[in-house]
Amino acid sequence: MVIQIPKETSPRPFLKWAGGKSRLIQQYIPYFPKSYKNYYEPFLGGGAVFFYLQPSAAILTDINAELINTYCCVRDHLEELICLLKEHKIRHNKDYYYSVRNNSVGTDLEQAARIIYLNKTCFNGLYRVNSQGKFNVPLGRYENPNICPENLLRVASVALSHAEIKQADFTEVLNHATNNDDFVFFDPPYHPISETSYFTAYSQNCFSKKDQELLRDTCAELASRGVKVMVCNSDSEFIRRIYTDINFETYKINASRSINSNIKNRGMIHELLITSFKDFYLPTQ
């Protein structure tokens, strides 16, 4: 059961993340499984689905080491992290931003504060690294960025307090999810629907067709165990085909695409929500 609490105190993403699902949650609600005990999210990102569902037991993973370190610090060392963010807020200006962006050394806490600071002040809240793995997003145009969202971080910390958080490849979930008490939500890098939509700079590695097929195979193995699997991805012929091959259900979701090098390609598009199960309440047509 989802606990309904006032919006201002509801846990929600404290990082803006490309492909984040906050705006799509309402469309996802009818398709979430009616019951499960353990929740797994192998592409954590901004964690919108986790924060909405507030599961009592969760394993949250991502291949991005900086991201995972940030989540761990929000969970385990919140007060120290807030102090560092308040210092960033006081010192924030253009020169300071680029100084912080160019300095990736420091303790785990300092690195976590750096990621949150850059996320709140960089262009469009975009996480992007170059071929050397260095964050390279320019400064955004914000008059008063919310560098230290203290209340948001506090409720997020509470929500994360019972979750296991670790850096891992998405296939690691095969070592944990074993039966129909388990629910796995996959939000991978999307397969491109055009060359200009191919966003691969989330980590230093491109998520290729072979990776998409490996993810499909992972989903098929989980489903064979009775695990409830949900995947979101682009509405492309390739994605439809590889999941139809394993008899998963596909549903269209309306989404707004705001990150594209060509402004004409921004706007409303269709995405796919893919499930291994039908244990949900279908929306009224």
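Lys21 is buried in this predicted model, its relative accessible area coming to 4%. The partner of Lys21 in a salt bridge is Asp187, and the closest N and O atoms of the two are 3.0 Å apart. Asp187 sits in the loop between strand E4 (182-186) and helix H8 (209-224), while Lys21 belongs to the segment before helix H1 (25-28), so the pair ties together parts that are 166 residues apart in sequence. Asp187 has a relative accessibility of 16% and therefore also counts as buried, the cut-off being under 20%. Leaving aside neighbours within four places in sequence, Asp187 is in contact with Gly19, Lys21, Phe43 and Cys232. The link between Asp187 and Lys21 also appears as a polar contact between their side chains, at 3.0 Å.

**Positions listed in UniProt**

Both residues of this pair appear in the UniProt record, where an unreviewed entry lists Trp17, Lys21, Asp62 and Asp187 under "binding site". From this set, Trp17 is part of the lining of the second largest cavity. Asp62 is found in strand E2, and with a relative accessibility of 2% Asp62 counts as buried. A polar atom of the Asp62 side chain lies 3.0 Å from the backbone nitrogen of Leu44.

Thr61 is likewise placed in strand E2, which covers residues 58-62, and is buried at a relative accessible area of 7%. What does Thr61 touch, not counting residues up to four places away in sequence? The residues concerned are Glu41, Pro42, Phe43, Leu44, Ile68, Lys166 and Ala168. Leu44 thus appears among the residues touched by Thr61 and offers its backbone nitrogen at 3.0 Å from the side chain of Asp62, whereas Phe43 is listed both for Thr61 and for Asp187.

**Salt bridges**

The structure holds 14 salt bridges, and three of them are set out here with the distance between their closest N and O atoms.

| Pair | Closest N and O atoms |
|---|---|
| Asp187 and Lys21 | 3.0 Å |
| Arg91 and Glu87 | 3.5 Å |
| Lys278 and Glu249 | 3.5 Å |

Side chains of opposite charge can pair when their charged atoms come close. The pair of Arg91 and Glu87 lies within helix H4, where the two residues are 4 residues apart and are therefore separated by about one helical turn. An α-helix has 3.6 residues a turn, so residues three or four places apart point the same way. Arg91 is partly exposed at 44% relative accessibility, and Glu87 is partly exposed at 38%.

The salt bridge between Lys278 and Glu249 has its closest N and O atoms 3.5 Å apart. Lys278 lies in the segment after strand E7 (267-275) and Glu249 in strand E6 (residues 249-257), so this pair ties together parts that are 29 residues apart in sequence. Lys278 is exposed, with a relative accessible area of 59%, while Glu249 counts as partly exposed at 29%. Elsewhere, Glu79, Lys86, Glu150 and Arg154 are joined into one network by salt bridges that share partners.

**Helix H5 and its surroundings**

Which residues of helix H5 (residues 94-101) are buried? They are Tyr96, Tyr97, Val100 and Arg101. Seen down the axis of H5, these buried residues fall within an arc of 135°, so they line one face of the helix. Lys94 and Asp95, on the other side of H5, are exposed. The cover over the buried residues of H5 includes helix H4 (78-91) and helix H6 (108-121). At the start of H5, the backbone nitrogen of Asp95 has a side-chain oxygen of Asn93 within 3.1 Å.

**A buried lysine in strand E5**

Is Lys228, a residue of strand E5, buried or exposed? Lys228 is buried, with a relative accessible area of 10%, and its place is in strand E5, residues 228-234. Not counting residues up to four places away in sequence, Lys228 touches Pro33, Ser35, Asn180, Asp182, Phe183, Val184, Ser276, Phe277 and Asp279.

Methods
Residues are numbered from 1 along each chain as its sequence is written. This is a predicted model: local features need pLDDT of at least 70, side-chain atom pairs count only at pLDDT 80 or more; totals for chains, interfaces and linings use all residues. Side-chain values use heavy atoms; hydrogens and water are left out. Buried means under 20% relative accessible area, exposed over 50%, partly exposed in between (1.4 Å probe, protein chains only). Contact means heavy atoms within 4.5 Å. The arc is that of the directions from the helix axis to the C-beta atoms. A polar contact is a pair of N or O atoms within 3.5 Å; within protein, one must be able to donate a hydrogen and the other to accept it, and residues adjacent in sequence count only if both atoms are side-chain atoms. A salt bridge is a side-chain nitrogen of Lys or Arg within 4 Å of a carboxyl oxygen of Asp or Glu. UniProt positions are given in the numbering used here, feature names are shortened, and annotations may be inferred rather than shown by experiment. On a 1 Å grid over the protein atoms alone, a cavity is a set of points where a 1.4 Å probe fits but cannot get out, and a pocket is an open set with protein on both sides within 12 Å along at least five of seven lines; lining residues have an atom within 4 Å of a point.
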